[in-house]
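I opened the notebook today to go through the sheets, the helix packing and a few backbone details in turn. The entries follow the order in which I looked things up.

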Amino acid sequence: MDILNATPPAPRDMLVWQHAAANLRAGIPVALLCVLASEGSSPGRQGFKMSVTANSLAGSIGGGIMEHKFVEVARALLRDATSTPVLRQQIHRKDAPADRSGMICSGEQWVLVQPLRVTDLPVIVAIKQLLREHSSGQLQLSASEGLRLQQDQNAAAPRYAWQPGTDWAYSERLGFRDHATIVGAGHVALALSRVLASLEFELTVLDDRPGLNTHLLNPFAHHKRTVSYEALPQEIPTGPHQYIILMTFGYRSDLVALRALLRHPVRYLGVMGSAAKIAELLVTLRAEGVSEELLGRVHAPIGLPINSRTPEEIAISIAAELIRERNA
């Protein structure tokens with residue numbers, strides 16, 4: 001990725017909606033493919049999407065023979081202007097009595113092929129705007145009402161909801177599910193921002209040093225602020241999809257930041273540093289009366305042990321640990 005021309009990443013689905021909107025505006029028929037439910041080992045997870053025309057496509061519902069088959073189903077539907085949505089269960093086992101996908105990975109999923117109309121364009125444009133602004137909203141697909149968007153949904157609501165049956169219905173909170181906050185905007189933070197830009201995190205980078213070059217020139221962060229580390233609890237939201245990575249300028253600022261965040265309820269709180277520095281941090285906090293229960297929340301030193309040395313290698317080791325935590 002060219003850092004000089006990079007921009008904060010949009011949610012993965014943005015390309016799908018952009019492709020759909022551009023083709024509908026050009027009078028080209030489009031179909032939306034969406035995985036409405038998945039379980040077990042499946043090539044595409046719940047929420048994976050594609051937009052398909054007779055000659056182009058964007059996104060993915062998992063790849064392989066299953067995706068190829070559904071692209072062909074979509075293109076067949078598009079040749080008939082009166083076509084209606086197709087919803088199919090796919091079972092990825094060769095001994096399944098019906099609905100076999102041709103794959104043997106053992107999972108199951110429901111895949112929707114939804115022809116899109118010019119009348120859907122206002123909804124698609126609204127979805128694009130919501131994703132661009134990182135606003136809250138809920139995509140809704142149903143047998144009775146087709147494609148809809150409901151805005152200003154409760155952020156604590158489930159990410160996905162699926163109701164099978166004749167009157168099937170699916171909903172999904174749009175935008176980034178997970179939010180990573182990097183505290184400390186040095187060279188490793190810049191390298192980590194570059195990696196997280198491809199991993200579906202909304203990214204905030206905080207530092208207490210005004211005018212820091214690696215902070216100002218970070219093109220991957222959605223949000224960048226200069227803050228006091230004592231005020232970090234007011235700067236970082238709480239919740240089960242919040243990940244905090246501390247990598248400040250040195251031991252003293254790490255200690256200030258960690259003190260401030262020890263009781264902050266988030267999914268992940270980690271500190272970068274050598275084993276010796278981390279040991280000293282923990283000794284200091286124990287001497288201050290911090291309980292082992294609170295200290296047990298802290299991931300330190302962060303990063304999978306891959307003998308990383310450069311900022312880029314360290315960033316990959318940290319990103320791998322975040323992936324492991326997110327997918328646990």
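Entry 1, the antiparallel sheet. I am working from a predicted model, and I began with an open sheet of four strands, which run in the order β7-β6-β9-β8 with antiparallel pairing. I noted β7 and β8 as the edge strands, each of which pairs on one side only. Taking the neighbouring strands of this sheet together, I find them turned against each other by 15° on average, with direction ignored. I then looked for a helix on the sheet and found that α3 packs there, touching β6 and β7, and that the direction of α3 makes about 40° with that of β7.

Entry 2, the two hairpins. I followed strand β6 (residues 137-142) into strand β7 (residues 146-151) and recorded that they run antiparallel and are joined by six bridges. Three residues lie between β6 and β7, and the two strands form a hairpin. For the register I wrote down that L139 stands opposite L149 in β7, and that L141 has L147 of β7 as its bridge partner. I then went to β8 and strand β9 (residues 169-173), which pair in the antiparallel sense over four bridges, and there A161 stands opposite S171 in β9. β8 and β9 also form a hairpin, with five residues between them, and in the turn G165 has a positive phi of about 110°.

Entry 3, an aromatic pair that involves β8. I found that the structure holds four aromatic pairs, and I looked at one of them, W110 with W162. Their ring centres are 6.0 Å apart and their planes stand at 45°, so I entered the pair as tilted. This pair links distant parts of the chain, since W110 belongs to strand β5 (residues 108-116) and W162 to strand β8 (residues 160-163), 52 residues apart.

Entry 4, α1 against α3. I returned to α3, and asked myself at what angle helix α1 (residues 14-25) and helix α3 (residues 121-133) pack. The angle is about 145°, and the axes of the two helices are 10 Å apart. I recorded the crossing of α1 and α3 as left-handed. On the α1 side the contact is made by M14, W17, Q18, A20, A21, L24 and R25, and on the α3 side by L121, I124, V125, I127, K128, L131 and R132. Sorting the residues of this contact of α1 with α3, I have ten nonpolar, one polar and three charged. Following the chain onward I stopped at H134, which is found in the loop between α3 and β6, and noted that the phi of H134 is near 55°, a positive value in a residue other than glycine.

Entry 5, the parallel sheet. I turned next to an open sheet of six strands, in the order β12-β11-β10-β13-β14-β15, with parallel pairing. β12 (223-226) and β15 (298-299) each have a single partner strand and stand at the edges, so one side of each is left without a neighbour in the sheet. Within the sheet I checked strand β10 (residues 178-183) and strand β11 (residues 201-207), which run parallel and are joined by six bridges. The bridge partner of T181 in β11 is T204.

Entry 6, a cis peptide bond. I looked along the backbone after β15 and found that the peptide bond from A300 to P301 is cis, with omega near -10°. I placed P301 in the loop between β15 and α10.

Entry 7, α4 against α10. I closed with helix α4 (residues 187-196) and helix α10 (residues 311-326), which pack at an angle of about 50° with their axes 8 Å apart. I therefore entered α4 as oblique to α10, and their crossing as right-handed. From α4 the contact takes in H187, V188, A191, L192, V195 and L196, while α10 brings P311, E312, I314, A315, I316, I318, A319 and L322. I sorted the residues of this contact of α4 with α10 as well, and they divide into twelve nonpolar, one polar and one charged.

Notes
Residues numbered from 1 in each chain as written. Predicted model: local features only at pLDDT ≥ 70, side-chain atom pairs only at ≥ 80, totals over all residues. Heavy atoms only, no water. Axes fitted to C-alpha atoms, helices over the stretch in contact; angles between N-to-C directions. Parallel < 35°, antiparallel > 145°, perpendicular 65-115°, else oblique. Left-handed = near helix turned anticlockwise from the far one by under 90°. Contact = heavy atoms within 4.5 Å. Nonpolar A, V, L, I, M, F, W, Y, C, P; charged D, E, K, R; others polar. Pairing = 2+ DSSP bridges. Phe/Tyr/Trp six-rings, centres within 6.5 Å; stacked < 30°, edge-to-face > 60°.
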